[in-house]
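Open the model in your viewer and keep the selection panel at hand. We will go stop by stop.

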Amino acid sequence: MSASGQADLVIVANRLPVDRVPEAEGGGWRPSPGGLVSALEPVLRANDGAWIGWPGDTEEELEPFVENDMSLVPVHLTAQEVEEFYEGFSNGTLWPLYHDVVAKPRFHREWWDSYVTVNRRFAAKAADVAAKDATVWVHDYQLQLVPQMLRELRPDLRIGFYLHIPFPPGELFQQLPWRRQILEGLLGADVVGFQLPGGAQNFIRLVRQRVGHKTHRDLVYLPDDRTVRAAAYPISIDAAGYEKLARSDAVDERAAEIREALGNPSKLFLGVDRLDYTKGIIARLRAFGELVADGELDVEDAIFVQVATPSRERVEQYILIREEIEQLVGRVNGDLGRIGRPAISYLHTSYPREEMAALYRAADVMVVTPYRDGMNLVAKEYVACRYDDDGALVLSEFAGAANELRQAWLVNPYDINGLKQTLLDASRSTAKERTRRMRAMRKTVVENDVNAWAASFLEELSQVRESHGKPLRPARGS
Ligand code: ADQ
């Protein structure tokens, strides 16, 4: 394990890559599965890496610990900071502002103060843990001030920042009372990564107009002779891992079991999301309900399975969207379902990866309709699991994934009639058509997996300030 000042690679993210196991189940920690962790694990191991993050509760202040061979450095948050920094500024201000103002962002000065305080705490931890000339990779919208704060403390470091959500156009970003501080915070990094080229361009333009720095293409020239690169690095998934899982007998059996339990419908539509107002869950369920009401689909042989993971449950807008979804499901099923045949099967829960893979294998039409989404990994997971080259993906134009998965049935989720028609087209497509589209999408997802994503970002980071900082050692065995 790396003690203070020992880590050559430091990941700084809002959450640690582990979840606490309840005392009743034996206590301790279990890894929270995710592509980011599995992609970064090998390179963290090869570089005496450390991961800095919040453990997810406000209990005692924890000392650094090692879990699954990874050195984890907890950052403590008080209950008030969870309310103001996390639920408040991160999820009540930045999240809606960065997602096209799908919900109204709330601007509160105390939330901002808490955001500054917590960002400073993360930066101080990173400054303490990083070895001389180390590489530090900061993640996401909760920590946008960390790059600058860290650079002030440790000018020797090579600092990267990656934004997992969209970076909005100037017209929206400029609403933010603290817009300049956020831009300057990000400019502390050597490389600022975005999901899409559009996000990088929005950032560059704002830096030129609002902060007044010179820019050229994807570069920002700072007065202290530093340059910052802002570019797109579209994230992906562990495609091989998902495919392997999907090919297993257990998942195959479970997929058949799921279809059987649903009465072997001839068309199974599936939605899987965090329960979030950006994901367009209402739009797709409305469209599906109308198709049943219109007689285009029949509950005797079509069903919509919607799995929604509980998320940010104390934030007001999330409480409201949950109520709205539950009312809609109740109404559609009450009006259109028959005994033993609901139109929509709605599950407010989170599932292990095996169950997700089985659902993907079971679904004829995967419906991904966010109003705005940085990438959307569910769309890529579906494609990775369909090694049979079958299954239809209906995908919102406003998901980052639509940039790469051009062969999906692309749709504008604001256009309910268009969405209805697309659901029908996808569900009535020929096997030949589905195969043609799925093959092309599979090629994209397999060739651009999460390992390639992490490697390309770290490679870019190693190129900047070449004379400066020490190079990372490659992951063993790769
Ligand atoms: P999210 O908004 O969380 O991520 P997404 O990219 O779809 O959205 O990732 C969700 C992950 O959670 C997927 O891996 C999915 O399998 C899993 N998941 C969803 N519902 C689940 C359930 N019921 N049970 C178990 N697992 C479930 C943010 C951005 C995205 C961006 C990612 C990564 O909003 O745009 O793609 O980060 O950068």
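Begin with the ligand's surroundings. Select strand 13 (267-274), strand 14 (302-309), helix 12 (353-362) and helix 13 (377-385). Each of these elements supplies at least two residues of the shell around the ligand. Keep in mind that this is a predicted model.

Now show the residues around the ligand. There are 22 of them. The closest are His 164, Tyr 351, Asp 373, Met 375 and Glu 381. Colour the shell by residue type: 10 are nonpolar, 7 are polar and 5 are charged.

Next, look for polar atoms. Which atom of the ligand lies 3.0 Å from a polar side-chain atom of Lys 279? An oxygen atom of the ligand does. Move to Thr 349, where a backbone N or O atom lies 3.0 Å from a nitrogen atom of the ligand. Then select Tyr 351: one of its polar backbone atoms is 2.7 Å from a nitrogen atom of the ligand. Turn on the surface here. On its own the ligand has 720 Å² of accessible area, and the protein covers 83% of it.

Zoom out to the whole chain. Colour domain 1 (7-235 + 451-462) and domain 2 (240-447) separately. Where does the ligand lie in relation to domain 1 and domain 2? Both domains give residues to the shell around the ligand, so it lies between them.

Last stop: the contact between the domains. The C-alpha centres of domain 1 and domain 2 are 30 Å apart. Select the contact residues: 24 come from domain 1 and 23 from domain 2. Between them, domain 1 and domain 2 bury about 1700 Å², with 58% of it on carbon and sulfur atoms.

Definitions and conventions. Residues are numbered from 1 along each chain as its sequence is written. This is a predicted model: local features need pLDDT of at least 70, side-chain atom pairs count only at pLDDT 80 or more; totals for chains, interfaces and linings use all residues. Side-chain values use heavy atoms; hydrogens and water are left out. A residue is near a molecule or strand if one of its heavy atoms lies within 4 Å of it. A polar contact is a pair of N or O atoms within 3.5 Å; within protein, one must be able to donate a hydrogen and the other to accept it, and residues adjacent in sequence count only if both atoms are side-chain atoms. Accessible areas come from the Shrake-Rupley method with a 1.4 Å probe; for residues, only the protein chains shown count as cover. Helices (H or I, at least four residues) and strands (E, at least two) are DSSP runs, numbered from the N terminus. Ala, Val, Leu, Ile, Met, Phe, Trp, Tyr, Cys and Pro count as nonpolar, Asp, Glu, Lys and Arg as charged, and the others, Gly among them, as polar. Domain bounds come from an automatic or database domain assignment. Contact means heavy atoms within 4.5 Å. Buried area is the accessible area (1.4 Å probe) that two parts lose on being put together, summed over both.
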